[in-house]
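Reader: I would like to learn how to read the features of a model like this one. Could you walk me through it?

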Amino acid sequence: LGSTCHDRVASFYCECPHGRTGLLCQLKDACISNPCQRGSNCDTNPVTGNHFCNCPQGYVGPSCDQDVDECSLGSNPCEHAGKCINTKGSFQCKCQQGYKGARCELDINECLSNPCQNEATCLDQIGEFQCICMPGYEGKFCEIDTKECASGPCLNNGKCIDKINAFLCQCPTGFTGNFCQIDIDECASTPCKNGAKCTDGPNKDTCECTEG
């Protein structure tokens, strides 16, 4: 049969040619026909001559040709409610928004890109983020300067100048105060002489003179 016999102490060993197996090389090697799917290892039983396949991960069956559906084996292998998609010899996870990784095990930190403006604080959340704005700013990214003058806080035709988290009222002549709410008393300087009565008015005073 073309085999080679090697003498040993009180025994012998048969070195079989290609295509033969068994203790005496009396059996045909069933692995010659490559019955196992590529990627698996084929071994021959030295007693019966039958082959058996050692399957790689993800495959089962006598010839390792049956794909294991990992998505149907017990619990979902994808974390955080990821969708399991069976593939040939393996599986893939389609992650929910806010997660990544082979098994959707990693939370994406949406704050890493520094989306918040004007020194706002970014709070990472599941699949999104929230900006905590500094006083005087608003908007999703704190990108909008709050218009403190929008409510018309200045009285008596005062001009409102918008600032960061503040405003300034430029008062017309005759008025003062943070909101131009105070009418300046022009009579306080006693402008009327000779006992005349002073009547205060907007940005003016009126003297009512006595007879004579």
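**Disulfides and other features**

Author: Gladly! Counting sulfur pairs within 2.5 Å as bonded, we arrive at 13 disulfides. Keep in mind that this is a predicted model.

Reader: Let me start at the beginning of the chain. Which cysteine does cysteine 16 join in a disulfide?

Author: The general idea is to look for sulfur atoms within 2.5 Å of each other. Here cysteine 16 is bonded to cysteine 25, with an S to S distance of 2.0 Å. The torsion about their S-S bond is about -95 degrees, so this disulfide is left-handed.

Reader: And is each partner buried or exposed?

Author: Under 20% relative accessible area is called buried, over 50% exposed, and in between partly exposed. Cysteine 16 has 26% and therefore counts as partly exposed, while cysteine 25, at 0%, is buried.

Reader: What is there to see for cysteine 55 and cysteine 64?

Author: These two form a disulfide as well, with their sulfur atoms 2.0 Å apart. A torsion of about -85 degrees about the S-S bond makes the link left-handed. On accessibility, cysteine 55 is partly exposed at 30%, and cysteine 64 is buried at 0%.

Reader: Which parts of the chain does the disulfide of cysteine 154 and cysteine 169 tie together?

Author: Begin with the bond: the sulfur atoms of cysteine 154 and cysteine 169 are 1.9 Å apart, and the link is left-handed, with -90 degrees about the S-S bond. Cysteine 154 sits in the loop between strand S16 (144-145) and strand S17 (159-163), and cysteine 169 in strand S18 (residues 166-170), so the pair connects parts that are 15 residues apart in sequence. Cysteine 154 counts as buried at 13% relative accessibility, and cysteine 169 counts as buried at 10%.

Author: For contrast, cysteine 5 is in no disulfide; its nearest cysteine sulfur, in cysteine 14, is 5.1 Å away. Cysteine 5 is exposed, at 55% relative accessibility.

Reader: How far is the sulfur of cysteine 14 from the closest cysteine sulfur?

Author: That distance is 4.9 Å, to cysteine 25, which is too far for a bond. Cysteine 14 itself is buried, with 12% relative accessibility.

Reader: Let us turn to the surface. Which residues make a nonpolar surface patch?

Author: For a patch, look for accessible nonpolar side chains within 5 Å of one another. Phe12, Leu23 and Leu24 make one of about 350 Å². Leucine 24 belongs to the loop between strand S3 (20-21) and strand S4 (27-28).

Reader: Where does UniProt place the feature "domain: EGF-like"?

Author: The UniProt record, an unreviewed entry, puts it at residues 1-26, 27-65, 67-105, 107-143, 145-181 and 183-212. In the model, residues 107-143 are 0% helix and 35% strand, with end C-alpha atoms 26 Å apart. Residues 145-181 are likewise 0% helix and 35% strand, and their end C-alpha atoms are 26 Å apart.

Reader: One last topic, the backbone. What is the phi of histidine 80?

Author: Histidine 80 has a positive phi of about 55 degrees, although it is not a glycine. Histidine 80 lies in the loop between strand S8 (66-67) and strand S9 (83-87), and is partly exposed at 37% relative accessibility. Asparagine 114, not a glycine either, also has a positive phi of about 55 degrees. Asparagine 114 is in the loop between strand S12 (106-107) and strand S13 (121-125), and is exposed, with a relative accessible area of 62%.

Technical notes. Residues are numbered from 1 along each chain as its sequence is written. This is a predicted model: local features need pLDDT of at least 70, side-chain atom pairs count only at pLDDT 80 or more; totals for chains, interfaces and linings use all residues. Side-chain values use heavy atoms; hydrogens and water are left out. Patches are made of residues with over 30% relative accessible area and no salt bridge: like charges are joined within 9 Å, nonpolar side chains (Val, Leu, Ile, Met, Phe, Trp, Tyr) within 5 Å. Accessible areas come from the Shrake-Rupley method with a 1.4 Å probe; for residues, only the protein chains shown count as cover. A salt bridge is a side-chain nitrogen of Lys or Arg within 4 Å of a carboxyl oxygen of Asp or Glu. Helices (H or I, at least four residues) and strands (E, at least two) are DSSP runs, numbered from the N terminus. Buried means under 20% relative accessible area, exposed over 50%, partly exposed in between (1.4 Å probe, protein chains only). UniProt positions are given in the numbering used here, feature names are shortened, and annotations may be inferred rather than shown by experiment.
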